[in-house]
Amino acid sequence: MKKNSAFSRFFTFLVFLFLYAPIILLIVFSFNQNNSNVVWGGFSLNWYRELFQNRIIMRSLYTTLLVSLIATVIATIAGTFAAIGFYGLRRRTRNVLNTVNNIPMMNADIVTGVAMCLFFVAFFALWKDFALWINSIQSLFTLPTRLTLGFPTLLIAHITFNIPYVLLSVSPKLRQLDKNLIDAAQDLGCTWFQAFWKVILPEIKPGIVSGALTAFTMSIDDFIISYFTAGSSSSTLSMTIYGMTKKRVSPEINAISTLLFVTVILLLAIINIREARQERLALRQQGAPSVSAGAPAAPKKPVIPQKLTRFAAALACCAILLTAGVGAFHNTRKPIVNVCSWGEYIDEELITMFEEQTGILVNYQTAESNEALYSLLKSGAGDYDVIVPSDYMISQLMEEGMLEKLDYSQIPNFSLIDDRFKNLPYDPANEYTVPYTWGTVGIIYNTTMVAEPITSWGAMFDDKYAGEVLMFRNSRDAMATALLYLGYDVNTTDENELRQAAGLIADAKSRGVYQAFVMDEIFLKMEGGNAAIGAYYAGDYLTAVENNPDLAFVIPEEGSNWFVDAMCVLKDAPHYEEAMAWINFIASTEANLRNMDFIWYASPNKKALEGYPAYYEELYKEELDQETYEIMAAPPETLERCQSYISLPEETRRLYNELWIKLGIQ
Amino acid sequence: MSKELIRLSDCVVKFDDEIVLDHLNLYINDKEFLTLLGPSGCGKTTTLRIIGGFQRPTSGDVFFAGRRCNDLPPYKRQVNTVFQKYALFTHLNIFENVAFGLRIAKVPEAEITRRVEEALELVNLPGYGKRSASSLSGGQQQRVAIARAIVNRPQVLLLDEPLAALDLKLRKDMQVELKRIQREVGITFVYVTHDQEEALTMSDTVVVMDKGNIQQIGTPEDIYNEPKNAFVADFIGESNIIDGIMLEDKVVKMYGKKFPCLDAGFAPNEPVDVVVRPEDIDIVSPEEGQIVGTVTEVTFKGMHYDIIVDFNGFKWLIQTTDYSPEGARIGVKIDPDGFHIMKKSQYSGQFGDYSSYSAAYDELNEDAETEADDE
């Protein structure tokens with residue numbers, strides 16, 4: 001017996017170890033001194049400190065708390081009344097409704113999320129027609145015609161998925177109620193409403209409280225539904241964490257995840273302890289022998305605390321609603337600009353500086369690739385003001401009339417842009433764009449994992465490095481590697497050439513050359529020495545090499561792509577003036593220097609580009625390596641070997657799409 | 001006689017075309033202990049709910065102290081109710097439960113304390129104020145429910161099967177207790193039950209109901225001794241009901257034989273229902289007996305035996321202290337005052353035959369009472 005129990009104890013231990021080891025690891029490394037997730041460098045709270053200084057995280061934390069609190073309050077009220085409504089129904093109807101209520105909880109979050117997103121977008125389209133019609137038939141007021149996903153839709157979604165949880169925990173309490181309680185209260189002089197407040201509500205209060213706690217936990221916890229309904233202008237904590245993992249898993253993520261984990265655990269503990277205590281209480285009362293009379297009743301005592309708690313509860317409710325209201329008000333009233341850029345593509349200090357200078361809030365979001373951004377914009381879910389697409393995507397967006405002309409009189413800093421980067425083919429008259437950065441594409445490789453230096457795009461298709469190669473996860477860049485290797489033009493529209501290029505990738509893929517098709521995950525893989533070769537952007541190589549000095553970068557002999565990412569404003573952008581201010585700010589020399597230093601991409605600002613080595617020296621008290629500088633800002637002779645993408649005709653784009661889908665990469 | 005307090009006049013209640021109360025007329029006197037007695041679904045709880053204001057009659061009027069009060073909501077009526085399953089507020093302690101109505105009425109604090117303590121004293125629960133409702137036994141909870149109702153000094157206390165959830169012993173104690181409380185507070189009690197013994201023990205007036213109609217109103221003795229029809233005779237206590245013919249005043253004929261009785265006022269040769277209570281039958285030797293039958297079943301009941309006797313194919317229940325073995329031929333003798341003659345009614349022939357007798361007859365109709373009443 002004893003042996004058996006020791007064994008089962010050991011087995012239980014294993015199960016729990018298996019369950020909790022990842023989380024424990026995460027928690028432990030959130031206190032790590034250095035930025036590794038493998039090597040313990042000593043205890044520190046650095047990552048927590050950085051966390052609280054990270055404005056994007058703090059803002060999403062604020063959004064999360066706000067949406068969770070408001071959603072919880074509203075869902076609790078709605079759910080409680082719904083439960084009471086259900087309770088009043090005939091049993092059969094009630095059972096049907098309860099089942100209907102359970103479905104959203106069982107339903108896959110992704111389905112709920114997508115469905116809600118579609119619903120909102122469809123509603124916005126309808127609303128636009130309606131608002132236009134209303135505005136056309138009267139002139140008393142004008143309805144806004146353009147609604148977008150944002151905090152309100154996020155809130156509605158959270159309320160929606162929270163209500164079933166409240167219902168589920170309130171309903172049983174109602175069923176346990178004596179059917180005559182309302183009658184009894186009315187009999188004793190209560191109106192129906194008094195009976196509800198003085199009897200029903202207190203009787204089902206435990207159910208309401210645990211329903212509210214569950215709803216709050218669910219809200220804090222939710223990622224998927226938020227992801228689809230928050231739009232571009234708000235981001236919850238879990239969405240931000242997800243965005244961060246697209247880059248390296250920084251221990252900052254460990255810290256924030258630890259906090260999230262602890263919060264949820266605490267909430268769950270509170271819920272469980274409450275329930276256990278109630279059960280214990282019920283048990284004790286059942287089992288209690290009747291105490292002999294003699295204890296005189298103390299009528300006064302229960303009265304005052306009861307009033308007090310009620311007062312306190314009311315106060316707390318008001319406080320929550322007030323914070324929520326003020327917060328929402330605050331959020332909508334302050335001028336704001338919605339920016340969508342790429343991951344780790346800005347020195348976040350700049351956002352803070354801009355906000356302090358202008359009082360305009362920056363809502364900074366990131367997209368994964370030009371293609372992802374494009375489909376986001378097309379779906380109607382991306383309602384940004386400023387986007388930073390690459391050259392070829394800019395011409396595509398221009399062709400489709402999705403961009404707004406800029407008011408250059410509000411962007412004096414445009415004059416600081418090097419003439420080399422003005423009037424480029426994607427925007428010949430330079431009416432729509434202000435360049436953000438420019439750079440080249442090349443191959444990053446780990447010198448310890450390859451036999452000899454890489455010089456050709458052929459390495460991307462070579463069996464020698466099977467399983468060690470990382471390919472772009474966007475069709476344009478991936479196809480370009482093959483086209484360049486085959487000696488074709490990167491902007492070719494020839495179907496044969498394109499099919500040949502796609503065939504090359506497909507063949508390599510089938511031979512297992514590629515470890516993965518990635519975008520920013522390349523950082524993790526290359527820095528960690530998990531892959532030997534990967535095609536990516538020069539600036540990102542410079543970031544990666546800081547963490548792994550074995551990495552090297554080459555612009556292959558066949559030539560490559562050079563690109564410009566430029567800021568532009570979307571058609572009908574709701575915050576046009578603010579967008580101008582933002583663009584002007586980013587175009588300044590100081591911003592360019594800071595960005596160049598932070599993201600290692602070359603600046604289009606002449607002074608910044610030329611002045612960077614000096615800036616670097618002053619900042620770090622050491623000379624900037626010339627080689628590094630040339631990778632960052634490719635000298636004219638290198639650029640000569642590179643071609644920029646131009647927008648492809650519709651037909652070719654379709655072909656790209658078709659070939660890409662055939663490759664089977666999502 | 002004391003004055004009339006409540007009058008239900010021609011009250012009809014329909015639920016989805018189902019008639020629950022069928023043109024009910026009833027008055028209740030002040031300080032009276034009136035019991036509505038009947039099987040489940042007879043409309044007794046509905047009647048109570050009309051008085052309490054929880055149910056509006058589909059048609060007809062309700063008068064309280066002479067004033068029509070159909071539209072008066074429950075909280076405006078000088079009526080309080082004790083519910084079947086107590087309906088105590090579990091989030092409040094005993095004191096606050098009892099004080100609930102007084103607080104709603106904004107009675108001064110000192111008076112609340114005094115009155116609540118008085119009420120708890122009245123129901124024999126002094127000093128229980130601080131305890132929580134769920135820590136009390138069923139009987140104690142019911143006392144709290146009574147205290148909570150009478151503390152408001154209503155003119156009428158409605159009790160909806162208040163003892164149904166208690167066990168037999170406790171029920172008997174509480175019957176006595178309730179009667180005492182009614183005497184002490186001196187108000188009208190309207191009591192609903194399906195337990196005929198409870199009704200007979202406590203009531204000043206018993207109203208026997210069936211299918212939404214009042215079958216008989218009277219004192220417990222009247223109801224027991226002079227049931228109006230076979231339903232009442234059967235529902236109140238045990239009855240052997242035999243087809244007979246009233247030959248003339250004080251002479252009834254059954255089994256082809258004439259029996260002297262005390263009833264009069266029927267038409268000559270009128271077919272009637274003859275009621276003979278099981279305890280009014282004397283067992284004698286076959287030779288002495290007015291009629292002779294065979295014992296088919298004997299059950300020991302403690303104070304007496306229940307004997308089923310077959311008289312020409314019609315089985316009687318006889319309660320006797322004399323043991324007769326199964327299969328014995330016995331004669332019976334019934335005194336003239338042992339007969340009760342009733343006019344034929346819609347219930348004739350439905351009751352009073354013990355052919356399908358089972359020892360568990362006491363429990364008949366007691367199940368599912370509450371559920372049927374709720375819907």
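This is a short walk through surface patches, buried spots and salt bridges in a structure with chains A and B.

Hi everyone, and thanks for coming. One thing to keep in mind from the start: what you see above is a predicted model.

Let's begin on the surface of chain A. A nonpolar patch of about 1,100 Å² sits there, and its members include Phe7(A), Phe11(A), Trp40(A), Phe43(A) and Leu45(A). Let me pick out Leu45(A), which belongs to the loop between helix 1 (2–30) and helix 2 (46–53) of chain A. Is Leu45(A) buried or exposed? Something in between: Leu45(A) counts as partly exposed because its relative accessible area is 44%.

Now please scroll along chain A to a patch with another character. Here the surface is negative, and the patch is formed by Glu617(A), Glu623(A), Asp625(A), Glu627(A), Glu630(A), Glu637(A) and Glu640(A). Which helices supply at least two residues each to the negative patch? They are helix 23 (626–632) and helix 24 (636–640) of chain A. Glu627(A) is a residue of helix 23, and with a relative accessible area of 58% Glu627(A) is exposed.

For contrast, let's go inside chain A. Pro435(A) lies in strand 5, which spans residues 434–446. The relative accessible area of Pro435(A) is 2%, so this proline is buried. Pro389(A) is 46 residues away along the chain, and the C-alpha atoms of these two prolines are separated by 9.9 Å.

Over to chain B. How many of the 9 residues in helix 1 of chain B are buried? The count is 8, so this helix, residues 44–52, is mostly covered. Among the buried ones are Lys44(B), Leu48(B), Ile50(B), Ile51(B) and Gly52(B). Just after the helix comes Gly53(B), with a positive phi of about 95 degrees.

Another covered spot in chain B is His194(B), in the loop between strand 8 (188–193) and helix 6 (196–202). His194(B) is buried, at a relative accessible area of 14%. What does the side chain of His194(B) make a polar contact with? Its partner is the side chain of Glu161(B), at 2.9 Å.

Last topic: salt bridges. Over all chains, the structure holds 40 of them. I'll show you a few.

Glu4(B) and Arg7(B) are joined through their side chains, at 2.9 Å from N to O. Glu4(B) is partly exposed at 35% relative accessibility, and Arg7(B) is partly exposed too, at 31%.

Next, Lys169(B) pairs with Asp173(B), with 3.6 Å between the closest N and O atoms. Both residues lie in helix 5 (168–185) of chain B, 4 residues apart, which is about one turn of the helix. Lys169(B) is exposed at 59%, while Asp173(B) is partly exposed at 38%.

My third pair is Asp204(B) and Lys179(B), whose side chains meet at 3.5 Å, N to O. This bridge links distant parts of the chain, 25 residues apart: Asp204(B) is in the loop between helix 6 and strand 9 (205–210), and Lys179(B) is in helix 5. Asp204(B) is partly exposed, with 34% relative accessibility, whereas Lys179(B) is buried at 17%.

Finally, back in chain A, salt bridges with shared partners tie Lys378(A), Glu400(A), Glu650(A), Arg653(A) and Arg654(A) into one network.

That's my tour. Thanks for listening!

Key:
Residues numbered from 1 in each chain as written. Chains lettered and ligands numbered in written order. Predicted model: local features only at pLDDT ≥ 70, side-chain atom pairs only at ≥ 80, totals over all residues. Heavy atoms only, no water. Patch = residues over 30% accessible without salt bridge, like charges linked within 9 Å, V, L, I, M, F, W, Y side chains within 5 Å. Areas by Shrake-Rupley, 256 points an atom, 1.4 Å probe, with all protein chains shown as cover. Salt bridge = Lys/Arg side-chain N within 4 Å of Asp/Glu carboxyl O. Lys, Arg positive; Asp, Glu negative; His and termini not counted. Charge placed at Lys NZ, Arg CZ, Asp CG, Glu CD. Buried < 20%, exposed > 50% of the residue type's maximum accessible area, 1.4 Å probe, protein only. Polar contact = N/O pair within 3.5 Å; in protein donor to acceptor, adjacent residues only side chain to side chain.
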